[in-house]
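The following exercises are to be worked with the sequence and the structure in view. Each task is followed by a solution in steps.

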Amino acid sequence: MTAKGRLFGLLTGGYGKEVPPPPGPWVEGVDGRDGARRSWVIDDEQVTRAVGALRIAIMDVPLPEPFASWFAARGWRVHPHQLAMLAAARAGEHALLIAPTGGGKTLSGFLPSLIALASGPTGGLHTLYISPLKALTVDVHRNLEQPIAEMGLGIRAETRTGDTPPGKRRRQRHLPPQLLMTTPESLALLLSYADAAALFGGLACVVVDELHALAGTKRGDLLALGLARLSALAPGCRRVGLSATVAWPEALRAWLSPRAEASDVRVIECRDERAPDVSILQTSQRLPWSGHMAVHALAEVYRAIERAGTSIVFVNTRAQAELVFQHLWYLNDANLAIALHHGSLAREQRRRVEAAMAEGRLRAVVATSSLDLGIDWASVDLVVQIGAPKGASRLIQRIGRAGHRLDLTSRALLVPANRFEVLECRAALDAVRARTLDGDPPGDGGLEVLAQHLLGMACAAPFASDEMYDEVRRAAPYARLSRTDFDDVLRFVENGGYALSAYDRWRRLERLRDGRLRVASRRFAQRYRMNVGTIVEAVTMQVKLKRGRVLGEVEEYFIQGLTPGDTFVFAGEILCFEGIHETKAIVTRAVGGAPKVPAYAGGRLPLSTHLAGRVRAMLAEPEHWRELPEAVQEWLRLQSDRSLLPGPDDLLIECFPRGGKQFLVAYCFEGRNAHQTLGMLLSRRMERAGHGPLGFVATDYVLALWSLRSVDDMPGLFAEDMLGDDLEEWMAESSVLKRTFRNVAIIAGLIERRQPGAEKSGRQMTVNSDLIYDVLRLHEPGHVLLRATRADAARGFVDLGRLAKMLARVQGKLVVRKLAKVSPLAVPVLLEIGREQVGGLAYDELLDEAARELIADATGQSLATSTTG
């Protein structure tokens with residue numbers, strides 16, 4: 001029977017009967033899944049894949065006992081996607097499950113392993129579960145323990161993270177559980193031991209949860225390399241990926257494949273037909289022109305929390321979490337149980353909050369991305385997003401925390417902090433309703449991550465470079481890795497490279513007589529294991545109550561800027577700084593005063609390209625304004641009357657004098673990182689042209705520059721060639737590359753933060769990395785870590801790809817508007833000038849005299865009425 005015949009039989013309800021297909025490269029029939037008549041234009045390869053997909057979708061895979069009885073006792077039914085996952089497991093197929101939050105993804109991933117172990121238990125490690133979050137491994141373990149115990153399965157499940165006691169970690173290597181829940185970093189550690197082959201040799205399945213949050217990141221690169229090693233140790237191991245939001249399914253299939261081939265991985269999708277109930281807060285208060293804390297709306301947020309059962313209040317930065325939590329408690333007349341959760345808090349405090357939430361003892365928790373993923377809290381009624389979400393996929397992930405079941409509707413409230421954020425929230429809401437996702441596809445893996453992995457493999461056992469190169473290229477992020485790049489990375493791991501090879505401290509590998517490489521000494525293996533991982537956070541210092549417990553960690557540079565008696569907000573409290581004792585900041589509880597707020601590096605995410613396009617389209621079409629607040633509609637109408645509105649494809653540039661300076665405001669909508677890079681490059685060009693640039697400020701939406709003299713040749717200023725010599729010179733002179741090199745060097749193992757009996761301070765790390773950076777630039781400018789640094793900076797700090805696309809798009813489409821004074825749309829960005837030196841709440845709660853004058857100029861209002869809009 002031909003493949004087309006089998007497919008046609010399936011589609012017409014024959015389920016394998018020999019039904020002759022129509023002639024030609026197409027198939028027509030009644031879809032056996034829903035009764036609709038459809039035509040498929042396909043080739044033989046597509047037919048073969050489609051047959052398998054439909055067979056899995058319709059195959060009756062009954063649950064064995066005691067699983068069927070356990071489901072029935074709870075009134076649960078097995079979802080089709082869970083049966084499809086069972087069928088894929090029985091066929092020995094790798095699978096990517098795309099299912100909405102609350103769709104039973106985690107159980108779908110474990111169900112085949114539980115059934116297999118119940119029918120034929122094994123003594124070794126059977127299934128490895130990998131999560132991006134420690135908290136998620138704990139949560140999944142807790143949820144698995146219940147069915148294992150209730151069905152009497154006799155299966156041992158455990159977690160292994162950095163929080164696992166050393167004794168338990170040692171025991172797990174020699175007497176492993178059948179199900180092990182861990183993180184990418186802990187997997188890398190396990191693979192670096194000599195007994196890795198014995199531990200993983202019988203591995204049957206790897207489950208990667210929240211795959212979309214790992215693929216395309218450095219942690220994902222490290223995990224992909226670890227999976228390639230697992231495939232070498234356990235060739236029959238099956239891979240399963242779980243994800244709720246997938247913008248690039250083919251890329252994720254390739255990432256999950258043991259050969260970096262998308263066709264190896266079966267896609268199983270559970271579509272969520274429920275439309276989430278998402279609204280934008282229509283505040284009764286004055287809508288701010290600028291600011292990021294949404295203090296004007298927090299009383300209304302508190303009332304929404306009062307009306308809901310349990311809420312999660314998401315914010316975008318840790319500092320914002322502290323301020324919002326403080327303000328909600330100030331408003332908390334009903335004494336509701338409101339908690340705080342972010343990554344800098346002490347682990348014990350985070351665990352207490354997670355447990356209280358799971359037990360239903362909290363009415364609300366204010367959280368950052370630390371709770372974006374996977375925690376199973378079915379009781380959450382409402383998600384509140386304070387500030388613009390910055391991306392549709394991110395918002396969908398957060399919305400899914402509410403109504404965490406397939407039969408419940410997710411309910412969310414968006415709270416924009418200023419007028420531009422209203423536009424972004426509206427664009428995000430439209431994207432959610434249209435079910436469109438954003439984000440970039442996974443790119444090539446980082447060379448510094450490869451360096452770390454190669455050292456870890458040498459710690460485990462000697463390897464041949466040719467065999468390791470082949471193995472590494474089976475990981476999707478490194479499928480295009482050239483042999484030259486691989487050899488350069490290996491040479492760096494072996495001896496540091498040409499400029500550093502004279503130093504013994506970087507001679508980390510030695511060659512055996514047969515040419516294989518192994519770690520040069522146990523000392524290097526020990527240091528590798530102390531520094532494994534790709535998360536490079538700003539160096540922090542513990543914050544400890546005087547004669548009390550540790551509250552968490554704050555960035556070292558923030559503490560160094562304090563003097564005794566200064567107060568700041570942290571861990572939901574106002575604290576008074578007493579001084580530094582050993583490696584801890586000693587504090588006491590304080591009341592009142594004007595507290596400083598910890599500033600956390602990397603807290604701001606840039607506006608996604610997808611949402612930026614939606615905002616531009618919204619501005620260009622007044623009929624899209626009907627659902628916007630009246631104050632925002634009036635703002636846009638004023639802009640249209642006094643200047644122009646940005647178009648969907650052009651670049652509006654406004655020029656106007658103010659305070660003896662010439663201002664240039666460009667409405668790029670490409671995100672803060674790209675705008676900051678553009679501001680640097682434009683400033684250099686303006687300096688050369690004699691315009692006397694004085695400064696610039698960038699937001700996610702707009703770039704503003706001010707100078708002594710006006711710019712006449714705008715096309716020349718925005719020409720694409722600024723990404724040539726101007727970019728190279730600026731990157732070489734700025735601190736961007738040095739900052740990036742520090743992170744690259746830490747990941748690659750060139751600089752070790754932790755050493756036996758000691759930990760380097762942030763200042764020591766920076767001094768060391770700066771010295772090495774200067775040496776390499778002078779003596780080996782082509783060093784592999786410098787190449788990795790430039791690539792990393794282009795993707796991250798400077799957002800070079802996005803800037804290049806924007807410049808190419810607007811060539812010949814610059815719209816220059818010369819004005820007598822500031823326009824309404826330019827007011828928010830001008831209010832940002834100098835804002836970083838002013839307390840955040842001050843800008844959100846009131847505008848000073850200069851701000852009121854600025855708004856009056858833009859709107860034509862008198863000073864007495866300028867703040868009412």
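**Exercise 1. Aromatic pairs**

Determine how many aromatic pairs the structure holds, and classify the pair formed by Phe420 and Phe669.

Solution. The structure, which is a predicted model, holds 15 aromatic pairs. For Phe420 and Phe669, the ring centres are 6.2 Å apart and the planes make an angle of 70°. An angle over 60 degrees counts as edge-to-face, and the pair formed by Phe420 and Phe669 is accordingly edge-to-face.

The next step is to locate the two residues. Phe420 lies in helix α17, while Phe669 lies in the loop between β24 and α25 (672-688). With their positions 249 residues apart, the pair links distant parts of the chain.

Burial is then judged by the cut-off of under 20% relative accessible area. Phe420 has a relative accessibility of 4% and therefore counts as buried. Phe669, with a relative accessible area of 0%, is buried too.

Finally, the pair belongs to a wider group: Phe420 and Phe669 form one aromatic cluster with Trp289, Trp635 and Tyr701.

**Exercise 2. The surroundings of Leu423**

Establish where Leu423 is found, whether it is buried or exposed, and which residues it is in contact with beyond its sequence neighbours.

Solution. Leu423 is found in helix α17, which covers residues 419-434. Its relative accessibility is 0%, so Leu423 counts as buried.

Leaving aside neighbours within four places in sequence, the contacts of Leu423 are Val615, Met618, Leu619, Leu628, Val632, Trp635 and Leu636. One of these, Trp635, is also a member of the aromatic cluster that contains Phe420.

A distance completes the solution: Leu423 and Ala612 are 189 residues apart in sequence, and their C-alpha atoms are 9.8 Å apart in space.

**Exercise 3. A sheet of five strands**

State the order of the strands in the open sheet of 5 strands, and explain why β25 and β29 each have one side without a neighbour.

Solution. The order is β25-β26-β24-β23-β29, and the pairing is mixed. Strands β25 (693-698) and β29 (814-818) stand at the edges; each has a single partner strand, so one side of each is left without a neighbour in the sheet. On average, neighbouring strands of this sheet are turned by 20° against each other, direction ignored.

Within the sheet, β23 (residues 651-658) and β24 (residues 661-666) pair in the antiparallel sense, over 6 bridges. As an example, Ile653 has Ala666 in β24 as its bridge partner.

**Exercise 4. Helix α4**

Decide whether helix α4 (residues 80-90) is largely enclosed or largely open, and give the reason.

Solution. Of the 11 residues of α4, 8 are buried, so the helix is largely enclosed by the rest of the structure. The buried residues are His81, Gln82, Leu83, Ala84, Met85, Leu86, Ala87 and Ala88. After α4 comes Gly92, with a positive phi near 70°.

**Exercise 5. Backbone exceptions**

Most residues other than glycine have a negative phi, and most peptide bonds are trans. Find which peptide bond, joining Glu65 to its partner, is cis, and describe the phi values of Ala260 and Ala294.

Solution. The cis peptide bond joins Glu65 and Pro66, with omega about 5°. Pro66 is found in the loop between α2 (44-58) and α3 (67-73).

Ala260 has a positive phi, near 60°, and is located in the loop between α12 (249-256) and β9 (265-269). Ala294 likewise has a positive phi, of about 55°. Its place is the loop between β10 (277-280) and α13 (298-307). Since its relative accessibility is 0%, Ala294 counts as buried.

**Exercise 6. The chain as a whole, and its confidence**

Describe the chain as a whole, and identify where pLDDT stays under 50.

Solution. The protein chain has 34 helices and 29 strands. Of its 869 residues, 55% count as buried. Among contacts with a separation of 6 or more, 70% come from residues 24 or more positions apart.

The average pLDDT of the chain is 82, and 82% of the residues score at least 70. Residues 835-850 stay under 50, with 28 contacts beyond four places in sequence in the model. Residues 862-869 also stay under 50, with 14 such contacts. Where pLDDT is low, the predicted coordinates should not be read in detail.

Note on methods. Residues are numbered from 1 along each chain as its sequence is written. This is a predicted model: local features need pLDDT of at least 70, side-chain atom pairs count only at pLDDT 80 or more; totals for chains, interfaces and linings use all residues. Side-chain values use heavy atoms; hydrogens and water are left out. Helices (H or I, at least four residues) and strands (E, at least two) are DSSP runs, numbered from the N terminus. Buried means under 20% relative accessible area, exposed over 50%, partly exposed in between (1.4 Å probe, protein chains only). Contact means heavy atoms within 4.5 Å. Two strands pair if DSSP finds at least two bridges between them. Axes are lines fitted to C-alpha atoms, for helices over the stretch in contact, and angles run from 0 to 180 degrees between N-to-C directions. pLDDT is the predictor's confidence in each residue, from 0 to 100. Rings of Phe, Tyr and Trp (its six-membered ring) pair if their centres lie within 6.5 Å; planes under 30 degrees apart count as stacked, over 60 as edge-to-face and the rest as tilted.
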